[in-house]
Amino acid sequence: MPPLLALPFPAIDPVLVEFGPIAIRWYALAYIAGLLFGWWWIRRLISTPRLWAGLPRPVPMDVDDLLVWITFGVILGGRIGYVLFYGEGYLENPLAVLQVWQGGMSFHGGLIGAAVAMLLFARRRRLNPLSLFDLAAAAVPVGLLLGRVANFVNAELWGRTTDVPWAFVFPGAGPEPRHPSQLYEAGLEGVVLFLVLTVLVYRYRALARPGLVTGVFGIGYGLSRILVEFFREPDPQIGYIAGGWLTMGMVLSLPLVLAGAGFVAASRRRRATT
């Protein structure tokens, strides 16, 4: 019997709607909604000249095509990243790599895939890759928000056991109440980071300093993920890497913080030389 102070998990079907053998899941809808919001938000940013202070910027047609490139980069990178960072048993059954509904996606892998796609796109269209990175970084937090909420709906990636009054008893996680770490991530990586980046873009004209938004995103996401990892249950196939507290999520997020700091420092030097 679950503890009296634990919150009951809301009975939300992970499948939004079914059409025969075709099922539309909340998780897939989160990806689609995040990409569509990113497309709309980036078009809005490039259509506001005062944010760029005369710096060359992409045109709306570039954004339309970029969405396709980023979509493939996120899906391929996210799945390959999951297999490399968190997966097991794929050598015995390689076809399982294609079963994206089993196991999931890796944010860090999706980020790498999207970055490679944007680099290739920038080279093809002769655009500044740093400006593309900044535009994508300004929009990504909303996709993270939706994705983490979908994780909560799916009752996956739950937190560690706790006695806080807002703990949930997740289906399949045993009778112990746990941190809703998915919602912690949604708040930090999604809401807070989006607000910070939006203030930088609109109040401080950060897009006029290529690389700054990307750097702040890397620092913000990395620190948020590392913090939440202290409340999130580590992946069972990996567990703790060292010390009974170090997780794979922390290891993968630390380079993002360092790279973000590098982008911020480079953007300051770039401004000083212009």
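Which residues does Leu45 touch, not counting residues up to four places away in sequence? Keep this in mind as you look through the views below of this predicted model.

**View 1. The whole chain, built from 7 helices and 4 strands.** Let's start with the overall layout. Reading along the sequence, you meet the pattern β-β-β-α-α-α-α-β-α-α-α. The chain has 274 residues, and 45% of them count as buried. Its accessible surface comes to about 14500 Å², with 69% of that belonging to carbon and sulfur atoms. Take the contacts between residues at least 6 apart in sequence: 69% of these join residues at least 24 apart.

**View 2. Leu45 and its neighbours in the largest nonpolar core.** Here is the reply to the opening question: leaving out residues up to four places away in sequence, Leu45 touches Leu51, Trp52, Leu135, Ala138, Val201, Tyr202 and Leu207. The largest nonpolar core has 28 residues, and those touching the most other members are Leu45, Leu135, Leu197, Leu207, Val213, Phe217 and Tyr221. Two or more residues each come from H1, H4, helix H5 (181–203), helix H6 (212–229) and helix H7 (248–272). H4 gives the largest share of this core, 6 residues. Another core, of 12 residues, lies apart from it and includes Leu66, Val74, Leu132 and Phe133. In soluble globular proteins, nonpolar side chains tend to be buried together.

**View 3. Ser131, a buried residue of helix H4.** Helix H4 spans residues 129–153, and Ser131 is part of it. Ser131 counts as buried because its relative accessibility is 3%, and buried means under 20%. Not counting residues up to four places away in sequence, Ser131 touches Trp52, Leu55 and Pro210.

**View 4. The hairpin of S2 and S3.** These two strands run antiparallel and are joined by 4 bridges. Look across the pair and you will find Glu18 opposite Ala23 in S3. The hairpin has 2 residues between its strands, and Gly20 takes a positive phi near 65 degrees.

**View 5. A nonpolar patch on the surface.** Ile12, Leu16, Phe19, Ile22, Ile24, Trp26 and Leu29 make this patch of about 600 Å². Strand S2 (15–19), strand S3 (22–25) and helix H1 (26–46) each give two or more residues to the patch. Is Ile22, one of the patch residues, buried or exposed? Ile22 sits in strand S3, and this residue is exposed because its relative accessible area is 53%, where exposed means over 50%.

Methods. Residues are numbered from 1 along each chain as its sequence is written. This is a predicted model: local features need pLDDT of at least 70, side-chain atom pairs count only at pLDDT 80 or more; totals for chains, interfaces and linings use all residues. Side-chain values use heavy atoms; hydrogens and water are left out. Patches are made of residues with over 30% relative accessible area and no salt bridge: like charges are joined within 9 Å, nonpolar side chains (Val, Leu, Ile, Met, Phe, Trp, Tyr) within 5 Å. Accessible areas come from the Shrake-Rupley method with a 1.4 Å probe; for residues, only the protein chains shown count as cover. A salt bridge is a side-chain nitrogen of Lys or Arg within 4 Å of a carboxyl oxygen of Asp or Glu. Buried means under 20% relative accessible area, exposed over 50%, partly exposed in between (1.4 Å probe, protein chains only). Two strands pair if DSSP finds at least two bridges between them. Contact means heavy atoms within 4.5 Å. A nonpolar core is a set of buried Ala, Val, Leu, Ile, Met, Phe, Trp, Tyr and Cys residues joined through side-chain atoms within 4.5 Å.
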